[in-house]
Protein chains: 2
Amino acid sequence: MSAPGVRARVRAEMTEEIKIVARRHLATDGANLSLRAVARDLGMASSAVYRYFASRDELLTALIIDAYNSVGEQAEQAARDKTDELAAFLGMAHAVREWALNDPHQWALIYGSPVPGYQAPQDTIGPATRVILLIASLVESAYTNGRLTERPPITGRYAEELAVIAERYTTGATPRLVAAALSAFLHLSGALSGELFGQLTASVEEDRRGFFEFQMRGAAYLIGMTDAP
Amino acid sequence: MSAPGVRARVRAEMTEEIKIVARRHLATDGANLSLRAVARDLGMASSAVYRYFASRDELLTALIIDAYNSVGEQAEQAARDKTDELAAFLGMAHAVREWALNDPHQWALIYGSPVPGYQAPQDTIGPATRVILLIASLVESAYTNGRLTERPPITGRYAEELAVIAERYTTGATPRLVAAALSAFLHLSGALSGELFGQLTASVEEDRRGFFEFQMRGAAYLIGMTDAP
DNA sequence: GAAAAGCAAGAGCACTGCTCTCGTTGTGAC
DNA sequence: GTCACAACGAGAGCAGTGCTCTTGCTTTTC
């Protein structure tokens, strides 16, 4: 009799197994995940799944959190051990793109339109900020290392809001830097959503990686990370 | 006994009425549109709706085309009669934002994750390009009027693809200009999706319009429409 | 060992998209 | 004017969905 108890361990395994099968269904059938189909695949009654997830939404939430952490991890790993912030930013961007291309439905789950009637619970906002915090840290690092071209400061009410964010989440970034990081992140997510959701259809078809690189270099220039637009 | 016939006219009216009710349902219940609920609201049997739309997907397609045209129209109207291209671009961006804020579900319908199992038919790609072609025309206009700061040319395979697009859809734009227009469009859609889909939660909450303006000015700078980043 | 809590299964409810059939009604050819 | 035909609305029905409730069984806890 181990400390956590047999039942608790089995429960954890079962929970994980449900998520795995659910992810598989998500990858093939898209976002309209069927709890009954997942239960069928597991050889159990659909009602039994409700012992592990109170509702379909709760299962989706678990998958969303996992997805945020997955892409966050991949991004952080790609940014590590790079010579400078520009290389880290571009490597990170390509890593996120690879992750998204590898499982478009998971991308849609976290960065696409919210599932109807689904309200993101508090648990998700932590993992959700990993990528954007990573970008912010790169911007801040470039700034403190003197590798960031000066950009005019920002003013207005949104600048004050961003000052609060800078105070809370960074170790000395200005509102301008937070704004730059947010902008870069939204440029990244826009570029990827455009590619994955078919907005690029009939324009760039072959060399989408090259076009993505071009866009991310543009975003880096806008931030001040590079001097060549 | 008008030329189109009574039946044809009633059919057209009925088709429009179904779309109106469906749009209302979309605005309140989100993307999981229920054909039966729409039929109930119209006081008719659900099977009768199938006389007008062969499937739920076909109804969604009709709504998507209408939405593309609606936002396209609003964008074009906002860009008209502006003193210069920068003003037109910013006015257009804010118009698109207003349109999206006014009916987020329609925005999600066209720029969010594709509906599961839904494959956009050929009919949609025409209306879908209205906004981006508008941006391209603004860029081209600024270029021919000498109001566009020079940006380094682009190379690579995606540049060749964009050259084909430039040849087909513009009257003399370079691949670089098409790339700029695409980038600006994706920046716009990324900024709006981020705002609407909750990516900005707990950062910019109050002055989102100001932050959006900041981002669009950034995009304009990246294009070369303005010299102040 | 008894009581309590966790668990799986099945039936059932209300809902969905979609198909088929069956009368009815407007339409064009003669 | 008549008559065949296509369009139409309604209803029943099928297979699927999320979710709840009850009924037995097993594991944990006291």
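I began with Glu85(A), which counts as buried because its relative accessibility is 6%. For the record, buried means under 20% relative accessible area, exposed over 50%, and partly exposed in between, with a 1.4 Å probe and protein chains only. The model is predicted, so local features need pLDDT of at least 70 and side-chain atom pairs count only at pLDDT 80 or more, while totals for chains, interfaces and linings use all residues. Residues are numbered from 1 along each chain as its sequence is written, chains are lettered from A and ligands numbered from 1 in the order in which they are written, and side-chain values use heavy atoms, without hydrogens and water.

**Entry 1. Salt bridges**

I looked up the partner of Glu85(A) and found a salt bridge with Arg147(A), the closest N and O atoms being 2.8 Å apart. Glu85(A) sits in helix H5 (residues 85–102) of chain A and Arg147(A) in the loop between helix H8 (130–144) and helix H9 (157–169), so the pair links distant parts of the chain, 62 residues apart. Helices here are DSSP runs of H or I with at least four residues, strands are runs of E with at least two, and both are numbered from the N terminus. A salt bridge is a side-chain nitrogen of Lys or Arg within 4 Å of a carboxyl oxygen of Asp or Glu. Arg147(A), at 41% relative accessibility, counts as partly exposed.

I noted 26 salt bridges over all chains. In chain A, Glu16(A), Lys19(A), Arg23(A) and Asp66(A) are linked in a network of them.

In chain B I checked two pairs. Glu213(B) and Arg217(B) meet through their side chains at 3.0 Å, N to O, in a salt bridge. They are separated by about one helical turn because they are four residues apart in helix H11 (residues 208–223) of chain B. Glu213(B) counts as buried at 19% relative accessibility, whereas Arg217(B) is partly exposed at 39%. The other pair is Arg208(B) with Glu205(B), whose closest N and O atoms are 3.4 Å apart. Arg208(B) is buried, with a relative accessible area of 17%, and Glu205(B) is partly exposed at 40%.

**Entry 2. Arg151(B)**

I then asked which side chain of opposite charge is nearest to Arg151(B). It is Asp227(B), 5.8 Å away; Arg151(B) is buried yet has no salt bridge. For charge, Lys and Arg count as positive and Asp and Glu as negative; His and the chain ends are not counted. Arg151(B) is placed in the loop between helix H8 (130–144) and helix H9 (157–169) of chain B. Its side chain reaches the backbone oxygen of Leu222(B) at 3.2 Å. Leaving out residues up to four places away in sequence, I listed what Arg151(B) touches: Tyr221(A), Pro229(A), Arg176(B), Tyr221(B), Leu222(B), Ile223(B) and Gly224(B). Contact means heavy atoms within 4.5 Å.

**Entry 3. DNA strand C**

I counted as near any residue with a heavy atom within 4 Å of the strand. DNA strand C is surrounded by 21 residues, the closest being Arg11(A), Ser34(B), Leu35(B), Arg36(B) and Arg56(B). A base nitrogen of the strand is 2.4 Å from an N or O atom in the side chain of Arg36(B). Phosphate oxygens lie 3.1 Å from a polar backbone atom of Leu33(B) and 2.7 Å from one of Arg56(B). H2(B) gives the most to this surface, with three residues.

**Entry 4. DNA strand D**

DNA strand D also has 21 residues around it; Leu35(A), Arg36(A), Arg56(A), Arg11(B) and Arg51(B) are the closest. Of its atoms within 4 Å of the protein, 48% belong to sugar or phosphate and the rest to bases. I found a phosphate oxygen 3.0 Å from an N or O atom in the side chain of Tyr50(A). A backbone N or O atom of Arg56(A) lies 2.7 Å from a phosphate oxygen. Arg36(B) has a polar side-chain atom 3.4 Å from a base oxygen of strand D. H2(A) gives the most to the surface near this strand, with three residues.

**Entry 5. Chain A overall**

I recorded 11 helices and zero strands in chain A. Of its 229 residues, 54% count as buried.

Conventions:
A polar contact is a pair of N or O atoms within 3.5 Å; within protein, one must be able to donate a hydrogen and the other to accept it, and residues adjacent in sequence count only if both atoms are side-chain atoms.
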